[in-house]
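Open the model in your viewer and keep the selection tool handy. We will go from one stop to the next, with a short note on what to look for at each.

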Amino acid sequence: MENKLDAQYYERLTRLQETDFALVELTLYLDTHPHDLQAIEQFNQLALKRQQQACEFESLYGPLLQFGHSFSRYPWDWKEAPWPWQV
Amino acid sequence: MWIYEKKLQYPVRVSKCDPRMARFLIEQYGGADGELAAALRYLNQRYTIPDKVIGLLNDIGTEEFAHLEMIATMVYKLTKDATPQQLEEAGLGDHFVNHDHALFYNNASGVPWTAAYIQAKGDPIADLYEDIAAEEKARATYQWLIDMTDDVDLQDSLKFLREREVIHSLRFREAVEILIEDRETKKIF
């Protein structure tokens, strides 16, 4: 289950979780402060950063998103462990 | 629709097998002020709340499912290596004979989750006040849970969840202000 996880896995995962946390936080903030231009700029910047981070992560550890929002290698790798509660 | 993302919102680590703590944590899984109740409450209220605050209910409701998965991960990790005897000693004997190591949507006393835990009044202010109360109750529960363990890894994840309740409560209070302001504006015209 953990055979394909190297030391970098947790490091990269943490970096992605950090960016995503900022994006969640900015999303909720902007839901009630829709005219904060600076926050929107920060949101868009981080959205771009998250795309790059997720792309790198997926190339090393497999798809993050289901239903065609991530690409698959051969054989089909979406269903492969580890699942989030296993790491 | 929803797209599943194969990662937790925040890391969940535990430093020992601790079925006793798992029994307490299940309160936030299938209890009245738990994450399942929160997610279902907000996502259900979305349909009839004014447009100005639908987005907030949608997004907080979605985040609650990420929190539900974190609680499930805690319970799973704390119990996966426990023997039936350890489960019984932790007060989970009744759970074991019914569910083995499976998780179930019940509270810390074993009472199954019920839709009676949540409200949908159709009145935006009443609904949002309920949501604020729910967040504050969940925040208090997380504090009691943090006080019940000396596992610093577990405490770290619980503190993250406690802080999220604070933010959700703040955003819901802003939503109330937005609706009140909107109502006042309409009166002038």
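What follows is a tour of a predicted model, starting with a whole chain and ending at the place where two chains touch.

**Stop 1: chain B as a whole**

Select chain B and show it as a cartoon. You will find eight helices and zero strands, so there is no need to look for sheets: the order from the N terminus is α-α-α-α-α-α-α-α. Turn the chain around and follow the C-alpha trace, which spans about 70 × 30 × 30 Å along its principal axes. Chain B has 189 residues, and 40% of them count as buried. Among its contacts with a separation of 6 or more, 77% are between residues 24 or more positions apart.

**Stop 2: α3(B) against α4(B)**

Now select residues 35-45 of chain B, which form α3, and residues 51-79, which form α4. How do these two helices run relative to each other, roughly parallel or roughly antiparallel? Their axes cross at roughly 160 degrees and come within 8 Å. Angles over 145 degrees count as roughly antiparallel, and α3(B) and α4(B) are therefore roughly antiparallel to each other. The crossing is left-handed.

Show side chains where the two helices meet. On α3(B), the residues to pick include Leu36(B), Ala39(B), Tyr42(B) and Leu43(B). Facing them on α4(B) are residues including Ile60(B), Phe65(B), Leu68(B) and Ile71(B). Colour this contact by class and you should count ten nonpolar, three polar and two charged residues.

**Stop 3: Trp113(B)**

Next, centre on Trp113(B), in the loop between α6 (93-99) and α7 (124-147) of chain B. Why does this tryptophan count as partly exposed? There are 19 C-beta neighbours inside 10 Å of Trp113(B), and a residue needs 20 or more to be called buried. Leaving aside residues up to four places away in sequence, Trp113(B) touches Gly30(B), Leu36(B), Tyr105(B) and Asn106(B). You have already met Leu36(B), which is part of the α3(B) contact with α4(B). For a sense of scale, draw a distance from Trp113(B) to Glu63(B): the two are 50 residues apart along the chain, and their C-alpha atoms are separated by 20 Å.

**Stop 4: along α7(B)**

Move on to the helix after that loop, α7(B). With 24 residues at 1.5 Å each, α7(B) should span 34 Å, and its end C-alpha atoms are 35 Å apart, which agrees. Highlight its buried residues, among them Leu128(B), Ala134(B), Ala138(B), Tyr142(B) and Leu145(B). Asp127(B), Asp131(B) and Glu135(B) are buried as well.

**Stop 5: across to chain A**

Bring chain A into view. The contact between the chains takes 16 residues from chain A and 23 residues from chain B. On the chain A side, nine are nonpolar, six polar and one charged.

Select α1(A), residues 7-32, which packs with α4(B) at an angle of about 155 degrees, the axes being 9 Å apart. These two helices are therefore roughly antiparallel, and their crossing is left-handed. The contact joins Val24(A), Thr27(A), Leu28(A), Asp31(A) and Thr32(A) to Gly55(B), Leu56(B), Asp59(B), Ile60(B) and Glu63(B). By class, that makes four nonpolar, three polar and three charged residues.

Finish by looking along α1(A) itself. Its 26 residues should span 38 Å at 1.5 Å a residue, and the end C-alpha atoms are 39 Å apart, which agrees. Leu13(A), Leu28(A) and Asp31(A) are buried in this helix.

Note on methods. Residues numbered from 1 in each chain as written. Chains lettered and ligands numbered in written order. Predicted model: local features only at pLDDT ≥ 70, side-chain atom pairs only at ≥ 80, totals over all residues. Contact = placed C-beta atoms within 7 Å. Nonpolar A, V, L, I, M, F, W, Y, C, P; charged D, E, K, R; others polar. Helix = DSSP H or I, 4+ residues; strand = E, 2+ residues; numbered from the N terminus. Buried ≥ 20, exposed ≤ 12 C-beta atoms within 10 Å, placed from the backbone. Axes fitted to C-alpha atoms, helices over the stretch in contact; angles between N-to-C directions. Parallel < 35°, antiparallel > 145°, perpendicular 65-115°, else oblique. Left-handed = near helix turned anticlockwise from the far one by under 90°. Expected span 1.5 Å × (residues − 1).
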